[in-house]
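User: Hi! I'm new to this one, could you walk me through it?
Analyst: Happy to, here it is.

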Amino acid sequence: MAEREISQAVISRLPRYFRYLGELRDREVERISSQELSRLMHVTASQIRQDFNHFGGFGQQGYGYNVEYLYQEISKILGLDKTHHLIIIGAGNLGQALANYMNFQRRGFIFTGIFDINPALFDRQIRGIRVRPMEEMTDFIRQNNVDIAVLTIPKSEAVAVARKLTDVGIKAIWNFAHVDLDVPEEVQVENVHLSDSLMRLSYLIGRYESRQE
Ligand code: NAI
């Protein structure tokens with residue numbers, strides 16, 4: 001499928017379409033119109049059509065979209081038809097929580113290694129994965145075809161570790177450290193800040209309350 005440059009806004013909506021379609025598929029729904037999908041997802045039907053048109057429209061014919069086809073196509077666009085191997089750097093609270101959340105595996109994200117600098121954590125098993133010293137990271141990435149590194153270390157450490165990851169040829173960094181990483185264009189970075197989401201929630205509370213006054 002020839003893809004034009006797609007805006008970040010459209011891409012950020014794809015996982016949500018994918019989730020809803022997955023639920024429809026589980027319920028064995030075969031077809032869905034953009035109006036029905038719109039009601040379900042609380043977005044306008046024209047937004048859905050516009051978003052899908054970036055990818056050729058997914059062949060809406062007669063009565064709506066074929067759910068299975070749409071699900072598979074969005075899965076391919078999101079790269080979920082492939083397996084990704086991840087390592088976690090930083091086996092603290094967040095790193096361990098992510099390692100324990102095995103639902104990612106269902107989507108083809110396989111955690112293969114966890115690394116830390118704290119010797120007290122070495123050899124501890126988290127969901128059957130051994131915490132290894134950072135000195136082993138480079139060889140491990142090379143030998144295990146690791147494409148994504150998850151950074152759950154203090155921000156003061158993140159830039160230097162990102163540089164090491166870049167040097168060894170990592171494809172992507174899922175960055176939880178609160179610092180912007182300066183990496184070459186071939187390395188993809190997704191920053192995750194739970195506090196941003198909480199601040200948006202706080203804003204919504206304030207907006208709702210000011211409308212009631
Ligand atoms: P933690 O202190 O429990 O764990 C951090 C771990 O990183 C420790 O085990 C430490 O030994 C290890 N570490 C330190 N330097 C390292 C290095 N150079 N290489 C490898 N491992 C190293 O901290 P926690 O609560 O798990 O948070 C981790 C990071 O995630 C922090 O930067 C925190 O601010 C951030 N965070 C981000 C969130 C977000 O939404 N983006 C939410 C919660 C935490």
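**Around the ligand**

Analyst: A backbone N or O atom of Phe176 lies 2.9 Å from a nitrogen atom of the ligand, a polar contact being a pair of N or O atoms within 3.5 Å; within protein, one must be able to donate a hydrogen and the other to accept it, and residues adjacent in sequence count only if both atoms are side-chain atoms.

User: Before we go on, what kind of model is this?
Analyst: This is a predicted model, where local features need pLDDT of at least 70 and side-chain atom pairs count only at pLDDT 80 or more, while totals for chains, interfaces and linings use all residues. Residues are numbered from 1 along each chain as its sequence is written, and side-chain values use heavy atoms, with hydrogens and water left out.

User: Cool. How many residues surround the ligand?
Analyst: There are 22 around the ligand, and the closest are Leu94, Asp116, Ile153, Val192 and Leu194. A residue counts as near if one of its heavy atoms lies within 4 Å of the molecule or strand in question.

User: What does Asp116 do there, in terms of distance from an oxygen atom of the ligand?
Analyst: A polar side-chain atom of Asp116 lies 2.6 Å from a ligand oxygen atom. For Leu194, a backbone N or O atom lies 2.6 Å from an oxygen atom of the ligand.

User: Switching topic: in what order do the strands of the sheet come?
Analyst: Seven strands make an open, mixed sheet, ordered S5-S6-S4-S3-S7-S8-S9. Helices (H or I, at least four residues) and strands (E, at least two) are DSSP runs numbered from the N terminus, and two strands pair if DSSP finds at least two bridges between them.

User: Which strands are at the edges?
Analyst: Strand S5 (125–126) and strand S9 (188–191), each of which pairs on one side only. S9 pairs with strand S8 (residues 172–175) in the parallel sense, over four bridges. Within S9, Glu190 stands opposite Trp174.

User: And how do S5 and S6 run, parallel or antiparallel?
Analyst: They run antiparallel, joined by two bridges. Ile126 has Ile129 in S6 as its bridge partner. S5 and S6 form a hairpin with two residues between them, and Arg127 in the turn has a positive phi of about 50°.

User: What about S4 and its neighbours?
Analyst: Strand S4 (residues 109–116) pairs with S3 in the parallel sense over six bridges, and Phe115 in S4 is opposite Ile89. S4 is also parallel to strand S6 (residues 129–133), over three bridges. Asp116, the ligand contact from before, has Pro133 in S6 as its bridge partner.

User: Now the helices: how do H1 and H2 cross?
Analyst: The axes of helix H1 (residues 8–26) and helix H2 (residues 34–41) come within 11 Å and cross at roughly 105°. Axes here are lines fitted to C-alpha atoms, for helices over the stretch in contact, with angles from 0 to 180 degrees between N-to-C directions. H1 and H2 are therefore roughly perpendicular, a label for angles of 65 to 115 degrees; under 35 degrees is roughly parallel, over 145 roughly antiparallel and the rest oblique.

User: Which residues make that contact?
Analyst: Arg16, Tyr17, Tyr20 and Leu24 of H1 meet Leu37, Leu40 and Met41 of H2, where contact means heavy atoms within 4.5 Å.
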